[in-house]
Amino acid sequence: MLGAYANAFRTPDLRRKLLFVLLVIVVFRLGSQIPTPGVNVTNVQACFQATKNQGLYGLINLFSGGALLQLTVFALGIMPYITASIILQLLVVVIPRLENLKNEGQAGQTKITQYTRYLTLALAILQATGITALARSGNLLQGCNKPLLYNESSLWTMMLMVVTMTAGTVIIMWLGELITDRGIGNGMSILIFVQVVATFPGSLWAVKVSQDSWWVFGLVIVIGLILVAAVVFIEQAQRRIPVQYARRMVGRKMFGGSSTYIPLKVNQAGVIPVIFASSLLYLPAMATRFSGGNSAFARFIATYFVTGSHPVYMLAYFLLIIFFTYFYVAITFNPEEVADNMKKYGGFIPGIRAGRPTQEYLNYVLSRITFPGSLYLGIISLIPLIAFKLVGANQNFPFGGTSILIMVGVALDTVKQIESQLQQRNYEGFLR
């Protein structure tokens, strides 16, 4: 492994790419620490330390690397872009115009990317306005009675904060695209990885502080390593459906006659179902905060859906993850389209007739592997909640949930890309 890293840095092209990625990461983290103009840094830090691990703020703190609750320049983080990308993926299924763009290849994908940027900008303005309004009214950090802004009555300060946070999101989007074009790996994924890793040491140390026991801390480390190995195993697992192509004559040349396979991953949906389920369960809690929290419904939500330690919350979270896993796989993988493309180019699955039987077979296999994949996502996501209940750790528990899925998934993808570039230069890869 160390020799492979040495080989990567000995290669001038790879060394430039890796150093460029590190430089962008440094700029990204600096922007996550610079406060927005008009923010009372002392009061924000005091309130942030008191509320950053509460259930309502767990996902927010995770995806912003702690920047949002500290009202920094990069407070919105990558979340507007993630939301815009998910919305566009869903709209591609229901809007024929977007579906046609997707089928046009690179030119259509470029157009969809442009739409994603516009939607990201609109969402950033909307979110920045909401966050600034919450900070101005004192409702951003629950239980905080200190003023978060120096001049809460100034409209100019409000506008300056909105413009600064929106510009920060645009810069983050630009940095992600720079990494994709000039660095290694997917830029947006790496920036998400950086934000998650930024909160990892603090979350891990919180386990030691809450238990005041090195034995518990060591046990958490051991369990975490086992979980990482299990996640790597499941993320790499796939069902390979063999496909053969019949020979055919085109002019005076013979084509086809080759064999390949369709790789269907066990975790076909990635981390998206967890984000969907978490966001949906946060909506009632946020609604009760705006309504004042005195009604019977607000008390019900506060009892069962805020802390995350109640069995009702865990069950709802688990079932929502299973539902969104099937939903997302259904809209991202189209067996009918795959079967039609195979038939068009003379491909077939051995023992399965081309056309509708192939589509039904793909549906059958996909439903069979999606079920264990959804259970895997649900169990991994419940680990922080169970740890909160049994160990007393905060809900941003480092080994489990969204954090470990993102860290392992992005790390595997980046290592594979470095490995492929090393193999092109006749070096030994990371996996040897």
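## A look through a predicted helical model

Among the elements of the protein chain in this predicted model, helix α8 (residues 155–182) has the highest mean pLDDT, 89, while helix α4 (residues 58–64) has the lowest, 60. Here pLDDT is the predictor's confidence in each residue, on a scale from 0 to 100. Over residues 427–431 the pLDDT drops below 50, though this stretch still has 16 contacts in the model beyond near neighbours in sequence. Where pLDDT is low, the predicted coordinates should not be read in detail. For the protein chain, the mean pLDDT is 78, and 77% of the residues reach 70 or more.

A word on bookkeeping: residues are numbered from 1 along each chain as its sequence is written, and side-chain values use heavy atoms, with hydrogens and water left out. As this is a predicted model, local features need pLDDT of at least 70 and side-chain atom pairs count only at pLDDT 80 or more, whereas totals for chains, interfaces and linings use all residues.

**The chain as a whole**

The protein chain holds 16 helices and 5 strands; these are DSSP runs numbered from the N terminus, with helices being H or I over at least four residues and strands E over at least two. Of its 432 residues, 45% count as buried, where buried means under 20% relative accessible area, exposed over 50%, and partly exposed in between (1.4 Å probe, protein chains only). The accessible surface comes to about 22,100 Å², and carbon and sulfur atoms own 63% of that; areas come from the Shrake-Rupley method with a 1.4 Å probe, and for residues only the protein chains shown count as cover. A contact means heavy atoms within 4.5 Å. Of the contacts with a separation of 6 or more, 71% link residues 24 or more positions apart.

**Helices and how they pack**

Helix α13 (residues 311–332) has 22 residues and reaches 32 Å from its first C-alpha to its last, close to the 32 Å expected at 1.5 Å a residue. That expected span is 1.5 Å times one less than the number of residues. Its buried residues include Y313, Y317, F324 and Y328.

Helix α2 (residues 12–31) packs on α8 at an angle of about 170 degrees, with the axes 10 Å apart. The two are therefore roughly antiparallel to each other. At their interface, F20, V24 and F28 are among the α2 residues that meet a set in α8 including I172, L175 and I179. Helix α6 (residues 96–103) and helix α7 (residues 106–137) have axes that come within 6 Å and cross at roughly 130 degrees, so this pair is oblique. L98, L101 and K102 of α6 meet G108, Q109, K111, I112 and Y115 of α7. Axes are lines fitted to C-alpha atoms, for helices over the stretch in contact, and angles run from 0 to 180 degrees between N-to-C directions. Angles under 35 degrees count as roughly parallel, over 145 as roughly antiparallel, 65 to 115 as roughly perpendicular and the rest as oblique.

**Three residues to click on**

| Residue | Relative accessibility | Class |
|---|---|---|
| T169 | 3% | buried |
| T42 | 60% | exposed |
| A354 | 37% | partly exposed |

T169 lies in helix α8. Leaving aside neighbours within four places in sequence, T169 is in contact with L76, G77, P80, T120 and A124. T42 is found in helix α3 (residues 41–51), and its C-alpha is 10.0 Å from that of P147, 105 residues away along the chain. A354 sits in the loop between β5 (347–348) and α15 (356–390). Between the C-alpha atoms of A354 and K344, 10 residues apart in sequence, there are 9.7 Å.
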